[in-house]
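Student: Could you pick one part of this model and take a close look at it with me? I'd like a connected walk that begins there and then moves outward through the side chains.

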Amino acid sequence: MIHWADLNEVSASLGIRLLFLVYRVFGRLPVLLILYPVIFWFLIFSKVARRSSYDYLDRLYQYSGGATPKPTWLNVYRHIYAFGECILDKLIIWSGSIDDLEYSLDQIEAFNELTKEGKGAIIVVSHLGNLDFCRAIAKFHPNIDLTVLVHTTHAVKFNKLLKAINPDSALNIIQVSKFSMQDAMLLSEKIEKGGLIAIAGDRVPLMWGNTIPLSFLGSKADFPLGAYLLGKTLGCQLLSLMAIKVNGRYEVSSKQIADFSDPEKRDSMDLAAQKFVETLNDGCLKSPFQWFNFYPFWQKINHE
């Protein structure tokens with residue numbers, strides 16, 4: 001059985017640095033041209049990513065009733081190419097040039113309302129679209145105290161790369177794999193003071209525990225319960241936050257998916273998780289090549 005943490009998604013840091021140097025000197029177009037052979041090489045030699053992409057596109061095609069791209073080699077290539085472009089955009093974001101990208105913030109009323117009220121909350125993010133765009137949204141709300149929980153088994157190199165570009169990218173990051181009681185107390189204090197805690201809702205824990213099977217693109221898949229357990233324990237709201245690229249433009253959106261702060265109408269964790277997955281379903285239908293989980297996402301259920 002393959003766990004996402006066993007895969008090294010972004011290991012060619014030297015190559016990425018060179019591509020970013022090309023971007024800074026010559027602009028975006030030359031990088032996009034260089035990406036074509038690079039992604040072709042990746043397509044040929046990364047069997048897990050290739051098969052996982054094909055599996056995802058096939059499920060999405062069936063789920064959409066044929067409205068999304070068919071699962072073909074060409075579309076698998078387009079899917080992985082979109083990931084390569086996303087990596088470039090992450091570097092652009094953390095270099096401080098986020099305005100080089102086209103984006104819309106018209107769908108984040110729930111997030112803006114939360115920040116106005118100054119309430120602490122859990123922000124559930126995903127690998128649908130650009131995760132780092134969500135982290136960088138604090139740029140637009142300088143008073144936000146945003147803490148990011150990350151699994152760093154294979155993210156260490158990429159985080160180092162981002163830190164080399166901009167030291168601020170490594171601020172307020174807590175490694176989930178090294179989570180301690182002290183960290184728990186710190187998070188509780190942050191929520192009480194109106195801070196936000198971001199955590200991915202689409203990567204199962206390293207030890208395969210604390211998951212819930214939910215219907216995603218028409219089939220059951222395991223999703224982590226960490227965000228909902230944390231929200232329930234800390235008694236706060238949970239919001240989704242996504243930045244998916246549609247026709248070359250990032251559309252950032254946010255929805256409330258649970259409110260554990262009101263004892264009289266506390267939502268269930270199961271319902272909250274299902275609401276989050278529904279946002280993933282909608283996002284995949286809207287922008288089919290923006291789902292960047294290149295490992296056998298549905299594997300555990302299939303093996304039962």
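Tutor: Let's agree on one term before we start: two strands count as paired if DSSP finds at least two bridges between them. Keep in mind, too, that this is a predicted model. The protein chain averages a pLDDT of 85, and 83% of the residues score at least 70. Confidence is highest in helix H3 (residues 47-63), with a mean of 96, and lowest in helix H11 (residues 299-302), with a mean of 60.

The part I'd pick is strand S5, residues 196-200. One of its partners is strand S2 (residues 121-125), and the two run parallel over 5 bridges. If you want a place to put your finger on that pairing, Ile-122 stands opposite Ile-197 in S5. Strand S3 (residues 146-150) is also a parallel partner of S5, joined to it by 4 bridges. Here the pair to look at is Val-148, which stands opposite Ala-198 in S5. As for solvent, S5 is mostly covered, with 4 of its 5 residues buried.

Now step back along the chain from S3. Asp-145 sits in the loop between helix H6 (131-136) and S3. What does its side chain do? Asp-145 forms a salt bridge with Lys-190, and the closest N and O atoms are 3.1 Å apart. Lys-190 belongs to helix H8 (residues 181-192), so this salt bridge ties together parts that are 45 residues apart in sequence. The two ends don't fall in one exposure class: the cut-off for buried is under 20% relative accessible area, so Lys-190 counts as buried at 15%, while Asp-145, at 29%, is partly exposed.

That's one of 10 salt bridges in the whole structure. Another involves Glu-117 and Lys-119, whose closest N and O atoms are 3.5 Å apart. Glu-117 is partly exposed at 41% relative accessibility, and Lys-119 is partly exposed as well, at 44%. Further along the chain, the side chains of Glu-251 and Lys-286 meet at 2.6 Å, N to O. Glu-251 lies in strand S9 (residues 249-259) and Lys-286 in helix H10 (residues 269-286), so this is again a tie between separate parts, here 35 residues apart in sequence. Glu-251 is buried, with a relative accessible area of 18%, whereas Lys-286 is partly exposed at 42%. There's also a network to click through: Arg-28, Glu-85, Asp-89 and Lys-245 are joined by salt bridges that share partners.

Two members of that network, Glu-85 and Asp-89, carry numbers that fall within helix H4, residues 73-94. Does H4 come out straight or bent by a simple length check? At 1.5 Å a residue its 22 residues should span 32 Å, and the end C-alpha atoms are 32 Å apart, so the span agrees with expectation. Of those 22 residues, 19 are buried, which leaves H4 mostly covered. After the helix comes Gly-96, with a positive phi near 90 degrees.

Let's finish in the loop between H10 and H11, which is where you'll find Asn-293. Is Asn-293 buried or exposed? It has a relative accessible area of 2%, so it's buried. Its side chain makes a polar contact of 3.1 Å with the side chain of Asp-202.

The same loop holds Trp-298, which brings us to the rings. The structure has 18 aromatic pairs. In one of them, Phe-216 and Trp-298 have ring centres 5.5 Å apart and planes at 5 degrees, so they count as stacked. Phe-216 is in strand S6 (residues 211-216), 82 residues from Trp-298, and the pair links distant parts of the chain. Phe-216 and Trp-298 are both buried. Trp-298 also pairs with Phe-297: their ring centres are 5.4 Å apart and the planes meet at 70 degrees, so that pair is edge-to-face. Phe-297 is buried too. Zoom out a little and you'll see that these rings belong to one aromatic cluster made up of Tyr-56, Phe-216, Phe-223, Trp-291, Tyr-295, Phe-297 and Trp-298.

Terms used:
Residues numbered from 1 in each chain as written. Predicted model: local features only at pLDDT ≥ 70, side-chain atom pairs only at ≥ 80, totals over all residues. Heavy atoms only, no water. pLDDT = per-residue confidence, 0-100. Buried < 20%, exposed > 50% of the residue type's maximum accessible area, 1.4 Å probe, protein only. Salt bridge = Lys/Arg side-chain N within 4 Å of Asp/Glu carboxyl O. Phe/Tyr/Trp six-rings, centres within 6.5 Å; stacked < 30°, edge-to-face > 60°. Expected span 1.5 Å × (residues − 1). Polar contact = N/O pair within 3.5 Å; in protein donor to acceptor, adjacent residues only side chain to side chain.
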